[in-house]
Amino acid sequence: MIPLAKLLEAALFASARPIPVDELSALAPDASPAEIAASLDTLREHYDVDGHGVELAEIGGGWQILTRAEYTEAIERAQLAARPQRLSAAALETLAIIAYRQPIGRTEVEEIRGVAVGSILKSLQERALIDVVGRAEGLGRPLLYGTTTLFLEQFALRHLEELPRADELAIALRPSPQPL
Amino acid sequence: MGLSAAASTVTDSVEDGSGAGPAADHVEPPAPSPEPVAPVGFVVDLPAFAGPLDLLLSLIRDEKVDIYDIPIARIAKQFLLRIRMLQLNDAAEYLELAARLLRIKAQMLLPRHGEAETWEDPRAELVRRLLEYQQMREVVDILERRGDERRSRFARAYLPESGELALAPLALSLGELLTAIDRILRVTREPTVHTVVARTLDVAGAISLVRNLIAARRTARWGELVARDAEPWQILSMLLALLELAKLGELRLAQPRPFASVEIEHDSTGEAA
């Protein structure tokens with residue numbers, strides 16, 4: 001591997017969180033963005049082609065070295081690391097609405113879900129998956145929520161646009177073609 | 001199954017309004033059979049359903065009806081039956097949707113006046129909400145899949161929940177520490193020596209001063225008790241005197257807003273006691 005790829009590998013290994021490209025560039029001020037990108041490609045190929053237990057993933061606007069999925073069970077069985085807890089269906093619904101409608105207030109989320117979400121918003125905020133991003137105009141200036149970088153990281157999204165557009169959804173309930 | 005025993009009066013009246021009547025009990029119960037548990041106060045969130053819209057959507061799916069042409073009477077009846085079975089008849093959110101369904105049902109029964117184009121389907125708003133909810137469920141599926149994918153791969157370390165990186169441990173050699181101490185000692189080679197003189201506070205004097213003033217005027221302000229050029233010991237004496245008198249219930253202290261002058265008032269309740 002070229003020295004730049006090795007440098008990036010070392011930095012990615014040292015970091016517990018995905019490193020954004022601009023921070024990777026800061027490691028090697030002389031390298032052009034193209035060289036950084038090429039080195040990341042080299043590194044990824046190196047892991048994939050030479051058969052490594054880890055892989056390079058692009059997540060939450062950055063790059064991260066992750067273990068391969070096939071070893072998860074063995075690692076967990078040996079209690080070397082534990083998977084984070086899954087979110088409840090209610091929390092996921094709330095998160096989904098915020099991801100698409102952000103910035104969005106509590107009332108609008110409740111309108112879509114049909115149930116109260118106050119405590120769920122609080123726990124999502126405690127888990128740093130959402131945050132207050134502003135206040136709405138109007139009565140009481142209600143808080144507006146949006147998703148965080150950690151949200152992207154925990155759902156392996158490079159950016160929000162990776163979620164399907166709203167008009168690509170809602171196909172499951174389209175009426176089946178019926179003779180009129 | 002003890003349906004009628006578990007049913008609350010609220011649900012009963014709602015269902016009577018639907019015209020479904022006791023016949024509803026004979027409708028074949030849908031697939032997920034509930035545990036025959038004793039009725040408990042609130043069963044708000046069952047693992048099976050994330051809310052009333054979720055329940056309604058699953059009904060529409062189970063009954064294989066077209067969401068754009070919901071047979072509202074049938075679905076409303078099924079909905080009421082299910083919230084009884086699942087003991088959700090105390091959960092306001094489910095009841096609210098039940099009531100909404102019945103209202104739509106009533107609207108559907110009204111004779112339609114005028115042109116067909118001007119008639120607005122009373123189900124339209126419900127359909128819009130259901131579609132919106134369904135859309136969101138699709139996103140949930142995506143997020144669930146992506147989340148599981150990510151959870152099945154470990155990063156090199158635990159992800160800190162807050163996303164904040166811990167401070168790096170202090171790296172310092174003994175030599176550096178001694179140099180730093182030396183530098184400090186050199187700067188303060190000739191320390192300034194303060195002579196600290198103990199001044200006794202005159203709390204008793206301040207108390208009698210406040211008592212006299214309050215007896216004459218009932219109210220006073222901090223600015224009136226302490227002279228502008230007061231010595232620290234005088235200010236402290238006065239402060240302690242006021243706190244002492246407030247503790248004894250002889251006066252009340254109030255500050256209308258931060259940094260405003262403290263208002264001192266005679267406490268008549270303390271006198272009564």
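In what order do the elements of chain A run from the N terminus on? Keep that in mind as you open this predicted model and select chain A. Its elements run α-β-α-α-β-β-α-α-β-α-α-β-β-α, and together they come to 8 helices and 6 strands. Of the 180 residues in this chain, 31% count as buried. Contacts also reach along the sequence: among those between residues at least 6 apart, 48% join residues at least 24 apart.

**Stop 1: a sheet in chain A**

Select residues 19–20, 54–59 and 62–67 of chain A, which are β1 and β2 and β3. These 3 strands form an open sheet, in the order β1-β3-β2, with antiparallel pairing. Why do β1 and β2 of chain A each have one side without a neighbour in the sheet? They stand at the edges with a single partner strand each, so nothing in the sheet lies beside them on the other side.

Zoom in on β2(A) and β3(A), an antiparallel pair joined by 6 bridges. To find one bridge, pick A:Val54 and look across to its partner in β3(A), A:Thr67.

Now add residues 3–14 of chain A. This is helix α1, which packs on the sheet and touches β1 and β3 of chain A; the direction of the helix makes about 70 degrees with that of β3(A). Next add residues 33–49, helix α3 of chain A. Helix α3 also packs on the sheet, touching β2 and β3 of chain A, and its direction makes about 140 degrees with that of β2(A).

**Stop 2: backbone details in the loops of chain A**

Go to A:Pro103, in the loop between α5 (89–101) and β4 (104–105) of chain A. The peptide bond that joins A:Gln102 to A:Pro103 is cis, with omega about -5 degrees.

Move on to A:Ala128. You will find it in the loop between α7 (118–126) and β5 (130–135) of chain A. This residue is not a glycine, yet its phi is positive, near 65 degrees. A:Ala128 counts as partly exposed because it has 18 C-beta neighbours inside 10 Å.

Then select A:Arg141, in the loop between β5 and β6 (143–147) of chain A. Here is another positive phi outside glycine, about 40 degrees. Is A:Arg141 buried or exposed? It has 11 C-beta neighbours inside 10 Å, so A:Arg141 counts as exposed.

**Stop 3: where the chains meet**

Show both chains together. Here 43 residues of chain A are in contact with 37 residues of chain B. On the chain A side, β3, α4 (72–77), α5, α6 (106–113) and α8 (149–154) each supply at least two residues. Which of the elements gives the most? It is α5(A), with 9 residues. Colour this side of chain A by residue class and you will have 31 nonpolar, 6 polar and 6 charged residues.

**Stop 4: an enclosed helix in chain B**

Select residues 72–85 of chain B, which make up helix α4. With 14 residues at 1.5 Å each, the helix should span 20 Å, and its end C-alpha atoms are 20 Å apart, which agrees. Of those 14 residues, 11 are buried, so α4(B) is largely enclosed by the rest of the structure. Among the buried residues are B:Ile72, B:Phe79, B:Leu80 and B:Ile83, and also B:Lys77, B:Arg82 and B:Arg84. After the helix comes B:Gln87, with a positive phi near 55 degrees.

**Stop 5: crossing helices and paired strands in chain B**

Now select residues 203–217 and 232–248 of chain B, helices α8 and α10. Their axes come within 8 Å and cross at roughly 60 degrees, and the crossing is right-handed. Residues making the contact include B:Val203, B:Ile207 and B:Val210 of α8(B), and B:Met238, B:Leu242 and B:Leu245 of α10(B). By class, this contact has 9 nonpolar, 2 polar and 1 charged residues.

Finish at strand β3 of chain B, residues 263–266, which runs antiparallel to β1(B) (219–221) with 3 bridges between them. Across from B:Ala220 you will see B:Ile264. Strand β3(B) also pairs with β2(B), residues 251–254, in the antiparallel sense over 4 bridges. For the last pair, pick B:Ala254 and its bridge partner B:Glu263.

Definitions and conventions: Residues numbered from 1 in each chain as written. Chains lettered and ligands numbered in written order. Predicted model: local features only at pLDDT ≥ 70, side-chain atom pairs only at ≥ 80, totals over all residues. Pairing = 2+ DSSP bridges. Contact = placed C-beta atoms within 7 Å. Axes fitted to C-alpha atoms, helices over the stretch in contact; angles between N-to-C directions. Buried ≥ 20, exposed ≤ 12 C-beta atoms within 10 Å, placed from the backbone. Left-handed = near helix turned anticlockwise from the far one by under 90°. Nonpolar A, V, L, I, M, F, W, Y, C, P; charged D, E, K, R; others polar. Expected span 1.5 Å × (residues − 1).
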